[in-house]
Amino acid sequence: MQKIHVLLTKEELDTQRLDGRVVIVLDVLFATTSALAALQAGASAVIPALDAAHARSIAAGLEPSSTILSGELDAETLPGFAHPTPLALLRHDLRERMLIYSTTNGTVALHKAQAAARVYAASLRNARATIEHVLREHAHSSVLVVCAGSSGQFNLEDFYGAGLLVSCLQQAPGVRSFSDAALAAAALHQGSDALRSLRDSRVGRLMTSRHLDAEVEYAAQPHADDVVARLVDGRLVRVPSP
C-alpha cells in the first residue's frame with residue numbers, strides 16, 4: 001500500500017530515511033512557485049543554491065549570458081540578484097537560460113531531499129500535474145510531502161499546499177495510507193480558500209505589507225500550470241509531457 005506523509009518543516013528531513021522514497025518539496029511563498037514559473041517560461045533549468053556564496057560559485061563556472069542570479073535571505077533580495085518572486089522573475093528573459101536561485105528555505109529543502117529516489121518541486125499552481133505524474137511513475141513508492149517552513153517554523157501556506165496535494169491523492173483511484181499530518185493538511189485545504197489562506201499566513205501578510213499582493217494572488221491559483229519539475233543532478237528540470 002502506498003504511504004503518504006507530510007513533514008511540517010524541512011528540518012524534519014534530517015530524521016527521515018529517504019532511500020526509495022519520493023519527495024515533493026513545497027515553498028509556496030515563493031521558492032518553488034518561482035522556480036516553476038521560470039521553467040514554465042522556458043528556463044532550461046533552475047539550480048537551487050544553499051546561499052548567496054554558493055550561488056555565485058555556481059555562476060562562476062557558467063557562461064554569464066546563459067544564467068540569471070536570483071534570491072533572498074530572510075525575505076530581503078540578495079544584493080546584485082534579481083528579485084525572487086514569480087512575477088518579478090517573469091519580467092526577465094528566461095528562455096534557454098539557467099536560473100541560479102538561492103532562498104532561505106525552499107532551495108535548502110531541495111538540497112536536504114537529494115538522497116531520495118526522486119525529488120519534485122511543487123506549488124499550488126502545478127499540484128494536479130505533479131500528483132498525476134507521481135501516480136503514473138511511482139504508484140507504489142512512499143511519498144513524503146515536505147513543507148519548507150521558515151527556519152524550522154511551521155508555515156500555513158506550505159501546509160495548505162500540502163493539503164492540496166494530499167486531496168489530489170485522496171481523489172485518485174487506488175488504496176493509500178495517510179499519516180495524521182497528511183490528513184490534517186487535507187482537512188485544512190478542504191475547509192479553506194487558497195487565496196485567503198495565503199494572504200492570512202505570516203509570509204502572506206509580510207508580502208501584502210510590501211505591496212506584493214499580485215505575487216500572492218499568482219501563487220494562490222491551484223492547477224493553473226502543467227509543468228512538472230524534477231531534481232536531476234542538482235538541477236530542477238521540466239519533465240517531458242507524457
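Which residue's side chain meets that of D93 in a salt bridge? The partner is R95, with a distance of 3.0 Å from N to O. This report describes a predicted model, beginning with its charged pairs and continuing to its strands, its nonpolar cores and its backbone exceptions.

**Salt bridges**

Nine salt bridges are found when the whole structure is searched. Three of them, including the pair named above, are set out here.

| Salt bridge | N to O distance |
|---|---|
| K10 and E11 | 3.0 Å |
| E76 and R210 | 2.9 Å |
| D93 and R95 | 3.0 Å |

The surroundings of these residues can be described in turn. In the first pair, K10 is buried, with a relative accessible area of 3%, whereas E11 is partly exposed at 28%.

The second pair joins E76 to R210 through their side chains. E76 belongs to strand β5, which covers residues 76-77, while R210 is in the loop between α9 (202-209) and α10 (213-219); the salt bridge therefore ties together parts that are 134 residues apart in sequence. Both ends are partly exposed: E76 has a relative accessibility of 47%, and R210 has one of 32%.

In the third pair, D93 is partly exposed at 41% relative accessible area. R95 is exposed, with a value of 59%.

**Strand β7 and its partners**

Strand β7 consists of residues 118-122, and because four of its five residues are buried, the strand is largely enclosed by the rest of the structure. Its pairing with β2 is parallel and extends over five bridges. Within that pairing, L26 stands opposite A122 of β7. The strand also pairs with β10, in this case antiparallel and through two bridges. There, Y120 has R230 of β10 as its bridge partner.

**A buried serine in β4**

Is S70 buried or exposed? Its relative accessibility is 0%, so S70 counts as buried. The residue is part of strand β4, which covers residues 67-73. Beyond its neighbours within four places in sequence, S70 is in contact with F81, A82, H83, P84 and L89, and also with L99, I100, Y101 and S102.

**Nonpolar cores**

The largest nonpolar core contains 42 residues, and the members with the most contacts inside it are V6, I24, L165 and L198. Helix α6 provides the largest share of this core, namely eight residues. A second core, separate from that one, has 31 residues, among them V46, L110, A113 and A116.

L198 can be followed further. When residues up to four places away in sequence are not counted, L198 touches V28, L29, L124 and E157, together with G204, V216, A219 and A220.

**Backbone exceptions**

Most peptide bonds are trans, and most residues other than glycine have a negative phi. Against this background, three places in the model deserve mention.

The peptide bond leading from L29 to F30 is cis, with omega near 5 degrees. F30 is located in the loop between β2 (22-26) and α1 (31-40). L29, on the other side of that bond, is one of the residues touched by L198.

A75 is not a glycine, yet its phi is positive, at about 70 degrees. The residue is in the loop between β4 and β5. With a relative accessible area of 28%, A75 is partly exposed.

D233, likewise not a glycine, has a positive phi of about 50 degrees. Its place is the loop between β10 (229-232) and β11 (235-238). D233 counts as exposed, at 79% relative accessibility.

**A loop proline and the chain start**

How many residues separate P173 from M1 in sequence? They are 172 residues apart in sequence, while their C-alpha atoms are 13 Å apart in space. P173 is situated in the loop between α6 (156-171) and β9 (176-178). This proline is exposed, having a relative accessible area of 74%.

Technical notes:
Residues numbered from 1 in each chain as written. Predicted model: local features only at pLDDT ≥ 70, side-chain atom pairs only at ≥ 80, totals over all residues. Heavy atoms only, no water. Salt bridge = Lys/Arg side-chain N within 4 Å of Asp/Glu carboxyl O. Buried < 20%, exposed > 50% of the residue type's maximum accessible area, 1.4 Å probe, protein only. Contact = heavy atoms within 4.5 Å. Core = buried A, V, L, I, M, F, W, Y, C linked by side-chain atoms within 4.5 Å. Pairing = 2+ DSSP bridges.
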